[in-house]
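Biologist: I should be grateful for a close look at one helix pairing in this protein. Please set the pairing in the context of the whole chain, and then describe how the two helices meet.

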Amino acid sequence: AGAGLRTLVLERGESPGGPAAGEEILPGFRIDPVWPDAAPFPAGIAGELGLDRRGGSFLSPDPGLVAPAPVGAPLVLWRDPARSAASIGARSPGDAGRWIGFSERVAAFARVLETASSRTAPQPTGGWRDLATSLGLGWRIRSLGREGMTGFLRALTLPARDFLEDHLEDGLVMGALGAIAARGVFQGPRSPGTALVLLLHQV
């Protein structure tokens with residue numbers, strides 16, 4: 001449409017909105033029947049579409065994840081890593097002590113993926129612009145440091161379970177994060193590549 005082409009958007013559901021159109025299953029209680037979030041949605045595209053002028057907005061719930069526990073209080077993960085560490089500490093003091101470092105590592109990996117996803121993929125036979133894109137991404141990966149770079153490249157192919165076991169020990173914590181890694185890919189957290197899915201959800 002931005003290029004002047006006529007566009008037609010079709011909606012199979014009873015109301016427009018696709019995965020963003022919630023359904024009221026009980027009075028005052030709405031759910032997203034298809035997908036629990038809009039996935040990575042660049043702010044630039046939202047601006048071009050004028051979503052804010054049409055009543056569209058993105059909500060970032062806090063806490064971001066709540067997992068019921070078989071016994072005791074549920075696991076609650078907040079956007080503030082220190083607050084999440086406190087919640088985890090009731091179950092696993094060891095994981096609570098590792099949580100902030102783990103969160104920082106995941107955030108650093110997600111920033112690299114965000115950089116990669118916001119650019120047009122370089123072509124091997126491309127010119128200087130494609131070479132500059134490749135070098136910029138390479139520099140971004142290199143900025144993780146030797147250990148971080150190795151961990152990032154390793155995580156791209158790992159099952160989420162292996163990635164999580166490298167950093168955490170509590171079954172409920174790993175299970176809650178592993179469920180995110182399996183969302184929308186029709187694979188389980190033991191499948192290769194699901195660690196990348198977990199990281200992409202953090203973008």
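Modeller: The surface that the protein exposes amounts to about 13,700 Å², of which carbon and sulfur atoms supply 58%. This is a predicted model, and within it buried residues make up 28% of the 203 residues. Of the contacts between residues at least 6 apart in sequence, 48% join residues at least 24 apart.

The protein has eight helices and four strands. Their order along the sequence is β-β-α-β-β-α-α-α-α-α-α-α.

The pairing to examine is that of helix H2, residues 81-89, with helix H3, residues 93-117. Their axes come within 7 Å and cross at roughly 160°. Because an angle over 145 degrees counts as roughly antiparallel, H2 is roughly antiparallel to H3. The crossing of the two helices is right-handed.

On the H2 side, the contact is made by Pro 81, Ala 82, Ser 84, Ala 85, Ile 88 and Gly 89. H3 contributes Pro 93, Asp 95, Ala 96, Trp 99, Ile 100 and Ser 103. Sorted by class, the residues in this contact are eight nonpolar, three polar and one charged. Asp counts as charged, and Asp 95 of H3 is among the residues that make the contact. Gly counts as polar in this scheme, and Gly 89 belongs to the H2 side of the contact.

In summary, H2 and H3 form a right-handed crossing, with a roughly antiparallel arrangement and a contact that includes eight nonpolar residues.

Methods
Residues are numbered from 1 along each chain as its sequence is written. This is a predicted model: local features need pLDDT of at least 70, side-chain atom pairs count only at pLDDT 80 or more; totals for chains, interfaces and linings use all residues. Side-chain values use heavy atoms; hydrogens and water are left out. Axes are lines fitted to C-alpha atoms, for helices over the stretch in contact, and angles run from 0 to 180 degrees between N-to-C directions. Angles under 35 degrees count as roughly parallel, over 145 as roughly antiparallel, 65 to 115 as roughly perpendicular and the rest as oblique. A crossing is left-handed if the near helix is turned anticlockwise from the far one by less than a right angle, and right-handed if clockwise. Contact means heavy atoms within 4.5 Å. Buried means under 20% relative accessible area, exposed over 50%, partly exposed in between (1.4 Å probe, protein chains only). Accessible areas come from the Shrake-Rupley method with a 1.4 Å probe; for residues, only the protein chains shown count as cover.
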